Amino acid sequence: MNSKIKIGITDCSKYTNYEQWFLHAPEDVEVIRLSYRKNNLRDVEQCDGIVLSGGEDVHPRRYNKPELMQHLNAKDIDEERDEFEWQVIDKGMQLHKPFLGICRGLQKMNVFLGGTLIHDIPSVKLHHGHHKIDNADQRHHIAVKENSMLYKIASHKDGEVNTAHHQSVDESAENLTVTAFSEPSIVEAMEWKEPANKPWMLLVQWHPERMPDQENPFALNIREAFLQQIIQSK
């Protein structure tokens, strides 16, 4: 019997960051690249868990606001990726796979479950503390709800994380709850409102896979919680 933990990671321009993050875990991990370019939706079946990675903007028609496209750059959107990941989520949910959503991954899951997005934080919120500056992540404080799964994982009610996004959650999907915020009222983490009989899921807006301080509980503990959940369910 193969004891490796098989993690499916959705393809993106920074795919190697996610791949290496899991390959450097103390557990024995095998990584599967899930990509429309490989047309390998069926590989979801052999994955023990799924990571929804960061990257392009989600097309606003996915959250029923196609008119927002006039404010976005078409080069920042990949509709083939949108469609493929929609199918990955659908299949993963059906198969009860654990999910870890990172940055775009959080946004994509919220949209899949019926939520909406702020199409551009700087123009809507008039705040510039979340996107990259000179191609480098910024950092900011987050506040965590103490009754959340995230709090149990990180054991901290606040902390510092990296940030590199210009979109964020607007309306939360009905069956998700927000478990961490940053200023000005930006959603930083989400999980199931009622997790019973649902696949394990944690969604975070920051990038734990590339935080320079990998001992940070909002990086290290998240990867470990995801992997341990898989090990326990095998």
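## Aromatic contacts and nonpolar cores

Arginine 62 lies over the face of tryptophan 86, at 5.0 Å from the ring centre. This placement belongs to a predicted model, and a second arrangement of this kind is found where the charged end of lysine 198 sits over the ring of tryptophan 192, 5.5 Å from its centre. The two placements are set out below.

| Charged residue | Ring | Distance to ring centre |
|---|---|---|
| Arginine 62 | Tryptophan 86 | 5.0 Å |
| Lysine 198 | Tryptophan 192 | 5.5 Å |

Rings also meet one another, and a search of the whole structure yields 5 aromatic pairs. In one of them, the ring centres of phenylalanine 22 and phenylalanine 226 are 5.9 Å apart with their planes at 70°, and the pair is therefore edge-to-face. Its two members come from distant parts of the chain, since phenylalanine 22 belongs to helix 1 (residues 15-23) and phenylalanine 226 to helix 6 (residues 220-233), with their positions 204 residues apart. Both phenylalanine 22 and phenylalanine 226 are buried, and together with Trp21 and Trp200 they form one aromatic cluster.

Phe22 appears again in the largest nonpolar core, which has 35 residues and in which the residues with the most contacts are Ile7, Phe22, Val51, Leu100, Leu150, Trp206 and Ile222. At least two residues of this core are supplied by each of several elements, including strand 1 (5-10), helix 1, strand 6 (138-144), helix 5 (149-154) and helix 6. The element that gives the most to this core is helix 6, with 5 residues. Apart from this core lies another, of 29 residues, among them Ile32, Leu52, Tyr63 and Phe99.

For leucine 150, the contacts that remain when residues up to four places away in sequence are not counted include Val144, Thr179, Ala189, Leu202, Trp206, Phe218 and Ile222.

Turning to the chain as a whole, its secondary structure comes to 6 helices and 11 strands. The radius of gyration is 16 Å, close to the 17 Å that the globule rule gives for 234 residues, so the chain is as compact as a globular protein of that length. Taken along the principal axes, the box filled by the C-alpha atoms is roughly 55 × 40 × 35 Å. Of the 234 residues in the chain, 54% are buried, while the accessible surface comes to about 10800 Å², with 46% of it belonging to carbon and sulfur atoms. Among contacts in the chain with a separation of 6 or more, 68% are between residues 24 or more positions apart.

Notes:
Residues numbered from 1 in each chain as written. Predicted model: local features only at pLDDT ≥ 70, side-chain atom pairs only at ≥ 80, totals over all residues. Heavy atoms only, no water. Phe/Tyr/Trp six-rings, centres within 6.5 Å; stacked < 30°, edge-to-face > 60°. Helix = DSSP H or I, 4+ residues; strand = E, 2+ residues; numbered from the N terminus. Buried < 20%, exposed > 50% of the residue type's maximum accessible area, 1.4 Å probe, protein only. Lys NZ or Arg CZ within 6 Å of the ring centre and 35° of its normal. Rg over C-alpha atoms; globule rule 2.2 N^0.38 Å. Contact = heavy atoms within 4.5 Å. Areas by Shrake-Rupley, 256 points an atom, 1.4 Å probe, with all protein chains shown as cover. Core = buried A, V, L, I, M, F, W, Y, C linked by side-chain atoms within 4.5 Å.
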